[in-house]
Number of protein chains: 2
Amino acid sequence: MKHLLYTALFFFGVMQYANSQQLKSPNGKLAMEFALQNDGTPSYTLNYKGKTVIKPSKLGLELKNDKKSLLNDFAIIDSKMTSFDETWKPVWGEVESIRNQYNELAVTLNQKETNRQIIIRFRLFNDGLGFRYEFPAQKNLVYFVIKEERTQFAMTGDHTAYWIPGDYDTQEYDYTISKLSEIRGLTEKAKTANLSQTSFSPTGVQTSLMLKTNEGIYINLHEAALINYSCMHLNLDDKNMVFESWLTPDEKGVKGYIQAPTQSPWRTIIVSDDAREILASKLTLNLNDPCKIEDTSWIKPVKYVGVWWEMISGKSTWSYTDEFPAVQLGVTDYSKAKPNSTHGANNDNVKRYIDFAAANGFDAVLVEGWNEGWEDWFGHYKDYVFDFVTPYPDFDVKAIHEYAKSKGIKMIMHHETSGGVRNYERHMDKAYQFMKDNGYDAVKSGYVGDIISNGDNHYNQYMINHYQYAIEKAADYKIMVNAHEAVRPTGICRTYPNLIGNESARGTEYQAFGGSKPNHVTLLPFTRLIGGPMDYTPGIFEMDLSKFSPSNKSHVNSTIANQLALYVTLYSPLQMAADFPEHYNKFPDAFQFIKDVAVDWSESNYLEAEPGQYITVARKAKGTNNWFVGNVNGYEPRTSNINFSFLEKGKKYTATIYADAKDADYKTNPQAYVIRKIQVTNTSKFSQLSVPGGGYAISIIENKK
Amino acid sequence: MKHLLYTALFFFGVMQYANSQQLKSPNGKLAMEFALQNDGTPSYTLNYKGKTVIKPSKLGLELKNDKKSLLNDFAIIDSKMTSFDETWKPVWGEVESIRNQYNELAVTLNQKETNRQIIIRFRLFNDGLGFRYEFPAQKNLVYFVIKEERTQFAMTGDHTAYWIPGDYDTQEYDYTISKLSEIRGLTEKAKTANLSQTSFSPTGVQTSLMLKTNEGIYINLHEAALINYSCMHLNLDDKNMVFESWLTPDEKGVKGYIQAPTQSPWRTIIVSDDAREILASKLTLNLNDPCKIEDTSWIKPVKYVGVWWEMISGKSTWSYTDEFPAVQLGVTDYSKAKPNSTHGANNDNVKRYIDFAAANGFDAVLVEGWNEGWEDWFGHYKDYVFDFVTPYPDFDVKAIHEYAKSKGIKMIMHHETSGGVRNYERHMDKAYQFMKDNGYDAVKSGYVGDIISNGDNHYNQYMINHYQYAIEKAADYKIMVNAHEAVRPTGICRTYPNLIGNESARGTEYQAFGGSKPNHVTLLPFTRLIGGPMDYTPGIFEMDLSKFSPSNKSHVNSTIANQLALYVTLYSPLQMAADFPEHYNKFPDAFQFIKDVAVDWSESNYLEAEPGQYITVARKAKGTNNWFVGNVNGYEPRTSNINFSFLEKGKKYTATIYADAKDADYKTNPQAYVIRKIQVTNTSKFSQLSVPGGGYAISIIENKK
């Protein structure tokens, strides 16, 4: 009898899943609890080292035309816990080997009234939590429409946030550092002008969102694997300090058209009491699918120069002629046009850059403004704005390709779409084939201005689908993509490593549009770069633009040493030396660092970090024993104290240090730097002053016998 | 002194254009006056045989973000009158030779405050007026945005109108015949259910709009050459009886993005006191540009059968299996699916149609439902809904092609887009190439349901651009296009004769969806067909659908004789015998007419016509001396009295008459017909009763010696 009872109890105990489930990280420091509230609403909590970092937060999705939605009335009908521990090698990266280790809880929920099932899958890593919704194949849930995703992140207090305003069209804002409670009052000021912008809430912010609690816990909120779904922003309930997901709508306000079986992107929460661990986290990449490209031999990091900054600064123009107020591609006869004297992308100038690239060990040259259509490219909702294959009369595609090839240089293509997404897709195969036919392996694409075909913004599901289409088709053509003004990345470069970059944040160009905050680059790695590398295009040596573009009074808010450091602190497999050869030729000793610095790494150590204040990182150049160190500094002068314990014991190295001069200052004396060489080993210590908006860069080269 | 004065007066008289300009048609019966009103608003008036048909009506465009717009403050700075008289040959048509004769007035207007110029070009033909706005290349008017076009058509009274409600997504309504003043009260009832519909005004109507004044003057309003512009509807001010153009908006309410130099479509007004002249008018074609396709040898009229009606009627399905609630193309393995027993497009059934086509002298077979994706094709806003190249397991593309080829039959391709326009464009090259690779020359395309990528409706500028893109790309591939649910045509088939058809109105399928009014086909030539041929897909012999599709209680509101007549009265170079072989085999003597009737004509004579009541037309088969006559009748029994004076004098012919039996009726006795043969010459007269929803068809074959 007894054993029958025990059997029954066991059976009952097994079949009735506890309404709460726990999960711990492999090292036990993070603990998550999943629980169903009384009305069957799923929720989760996250603790770090025994303290709550995310208070009980609801999960679910509100559906359109569906009285029930997927919000509540759930019961747990299955629960699986597994562990995973694997090491994988990225094609390029901050490190050559990444450990993917987590404990996973997959909870299957059944909605009682509707008999619909969803799975919420949690993966708890040592550095944070990722979770997503999965919609398995089933009869009662096939097609549905998302009105809003209702994923909460309940904050434990009025944290410090490092944020930009939520916006459906741009991320190109300076960061604001404030308490959560202050966001509402500061958001208008934070919304500086942009060619395309659409805010949605006075307390809306974008991800990744960096936070720091009063207790010194760092929290980063983002998403991973944004595919076939709408981009997530966060909206703050600033009474209760609860963030909720706010997806990007289409023109009808719909936030997603979903067909099961499928899944949402991962919602990610990186947690540490050490800011360096946030920067070092590989959680976003680990949550993405493994590489889908079989042969990746054609994917290579690139150091490049190009015809770009001269147009951004106003010294040159993208356009070829001033004669036409408008052009009609295929009709307008450019051969009859009087060329202006300002067209940057002309044969002579481009060859000059090719020569410079070849003489200085660069891989490639980017040219913007090479193709017909720039006279009226922006702001006219022009459908057939570019064809991506017809050069201006003064840009000889074949001759340039031959010249570059003879010098061992690759040309980088430029596809500005002007937000004309249909036009780009119509031409994409021909455009990619044109690239292959003319020796181009990589393309910088752009989506400047409002998305044409109207009503579409930059970040809804329809546009996410487009960016992915461009990446996947590029992979078919063995083409690398660097997409500007596209959605900010979410680790997809693990799956498609031909996505070698995005801008999708406030880049160097804004130094020419009025300047960025001097601590901007101490924030980007904590925010924008969590999802993937940024084509920040650093390396500006002449900070006073009026010196060469008289009507441009903008000033680059950075010292030269800070610019050098960016090649190390702003990780990217795609690095531009953005300034003009003549500016580099003025400071050849400083420029040497840019020539020497690697673009691909086997190891990365974050030595010091505080968002908004400073970052110091040391990276080992892949396939060598050489290291590079970079430090970027914020508003306050600061002495950085590090050691070189990352060097190999027993080896001797020559360190060349490029640092701010004592009297340097990003505003008043940006070009003052000092260079010194010292011998170092792994026991060496290092102390260096960085000025406001300053920093330092160090190349550490192994002494060969 | 005097001659100086005269010179001055002359100079003054020449330079100051009279604020009104007159234009007459070549035969003088139509007279137009263009005039500037006191505030510089352009306007026009139209007289027919000395009587006003269009009262003074304003012209102009309201611009977005432009205080001035292009509405008033104009002065005439140039005025040119020219004449044109040319004959051209269409690739296919109702006639083999078309005379294009008009007097033209081109008025250049300068807006004083803004110094912007527009040209309004008027062409006055013997059968009507066409005019358009032109925006020449100029500094002060390059890019502009249309808020609304404000072209008026001021009616002289409360005319009878033959109308369908204005709608951004469908034209598939039965026509309502009413006074203009009654439109408002009848529009709700007129808006029968449709899979995609968006009305905009209680007095909005679509074009072409047929009108008849109380004095018996027939007026038709439409547009010609709708290219890169938004589709025009008409909105009635029913206090003043003035129609005004109402363009189709995009999701932001914008009605057009315009780049000068360019022009609007032609706004057309066909006028006659003889309804037959409305039907015979070639004004719409004449206003379009000449053929742009150099080699048109691949463009051929087509008589076809197909696997279609069985799905429309509910007897078969487009889908292959009932096992999946949803499919993922490229993932779902159809080879593992249990086929349903209802899939129409299977090899055996298709071969049956090929045999039938070959045995009966048809050119081609259309097959719908041949390709993967039909299980969830509609209503889910599914982006990747079809790939247009992957057949179901039971449709062997190559084998079917070989089989058809061996029998001298062509296969007609089907591309249903489900409104997924971006998906269609992504696949279009591959889809067209697949057609060429597999022997398909013609494609029926469809846009069923709302346009995906949302906010787009079927008829705005963006979509007009898409339909044109599909046609022009098809021409590159030497493919003929028959676009259903697309914008109604506006004569573009002159420029692109590979556009061999559209549906874009309420076709035969509605006879399966509840039925259409029995006089529907006496209206279509006065309305829908003014802009181009319609793939009406007639030839239904079994009017009671429940006989073969038990759950479908719909009844085809037409007699068999009426169905035969449609091959003559509803001109189309693309004619389907839409019913099943077994239904034709039941009535082989009636079917003989469909086998015999031509699809391409050298002459067409409209013998009798009254919108909503009857149409009788005689057409000469191109390249022969044979004629075919068709009569369709409305609600009232009527005796048609015609003569055969169109026959060649001195020749003898055998006329086979297919007519309603005396007791036939579209509702109660639709299949009752009588066939008789008589000998006729050009002096013969003919009298025949047509029943309600009835008609007759005659083949007149020259007696060979």
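This report describes the annotated domains, the chain interface, one pocket and some backbone details of a predicted model.

**Annotated domains**

Two features of chain A come from UniProt, in an unreviewed entry. The record places "domain: Glycosyl-hydrolase 97 N-terminal" at residues 23-290 of chain A. It also lists "domain: Glycosyl-hydrolase 97 C-terminal oligomerisation" at residues 600-700 of chain A. The table gives the secondary structure of each span and the distance between its end C-alpha atoms.

| Span in chain A | Helix | Strand | Distance between end C-alpha atoms |
|---|---|---|---|
| Residues 23-290 | 7% | 49% | 24 Å |
| Residues 600-700 | 0% | 58% | 15 Å |

**Interface between the chains**

Chain A and chain B touch each other through 27 residues of chain A and 27 residues of chain B. About 2800 Å² of area is buried between chain A and chain B, and carbon and sulfur atoms give 47% of that area. The interface also holds 2 salt bridges. One of them can be described in detail: Arg426(A) pairs with Glu425(B), and their closest N and O atoms are 2.6 Å apart. A salt bridge is counted here when a side-chain nitrogen of Lys or Arg is within 4 Å of a carboxyl oxygen of Asp or Glu, so the pair Arg426(A) and Glu425(B) qualifies.

**The second largest pocket**

The second largest pocket contains about 590 Å³ of space. It is lined by 26 residues, and those closest to its centre are Asp127(B), Glu277(B), Ala280(B), Ser281(B) and Lys282(B). Several elements of chain B supply at least two lining residues each: the strands β7 (98-111), β21 (266-272) and β29 (601-610), and the helices α3 (275-280) and α4 (283-287). Sorted by class, the lining has 9 charged, 9 polar and 8 nonpolar residues.

**Backbone details**

Both chains have a cis peptide bond before Pro261. In chain A, the bond between Ala260(A) and Pro261(A) is cis, with omega about 5°. Pro261(A) sits in the loop that runs between β19 (256-259) and β20 (262-263) of chain A. In chain B, Ala260(B) and Pro261(B) are joined by a cis bond with omega near 0°. Pro261(B) belongs to the loop between β19 (256-259) and β20 (262-263) of chain B.

Another loop of chain A, between β5 (61-63) and β6 (74-88), contains Ser69(A). Ser69(A) is not a glycine, yet its phi is positive, near 60°.

Conventions: Residues are numbered from 1 along each chain as its sequence is written. Chains are lettered from A and ligands numbered from 1 in the order in which they are written. This is a predicted model: local features need pLDDT of at least 70, side-chain atom pairs count only at pLDDT 80 or more; totals for chains, interfaces and linings use all residues. Side-chain values use heavy atoms; hydrogens and water are left out. On a 1 Å grid over the protein atoms alone, a cavity is a set of points where a 1.4 Å probe fits but cannot get out, and a pocket is an open set with protein on both sides within 12 Å along at least five of seven lines; lining residues have an atom within 4 Å of a point. Grid points are joined across faces, edges and corners, and a volume is the space filled by probe spheres set on the points. Helices (H or I, at least four residues) and strands (E, at least two) are DSSP runs, numbered from the N terminus. Ala, Val, Leu, Ile, Met, Phe, Trp, Tyr, Cys and Pro count as nonpolar, Asp, Glu, Lys and Arg as charged, and the others, Gly among them, as polar. UniProt positions are given in the numbering used here, feature names are shortened, and annotations may be inferred rather than shown by experiment. Contact means heavy atoms within 4.5 Å. Buried area is the accessible area (1.4 Å probe) that two parts lose on being put together, summed over both.
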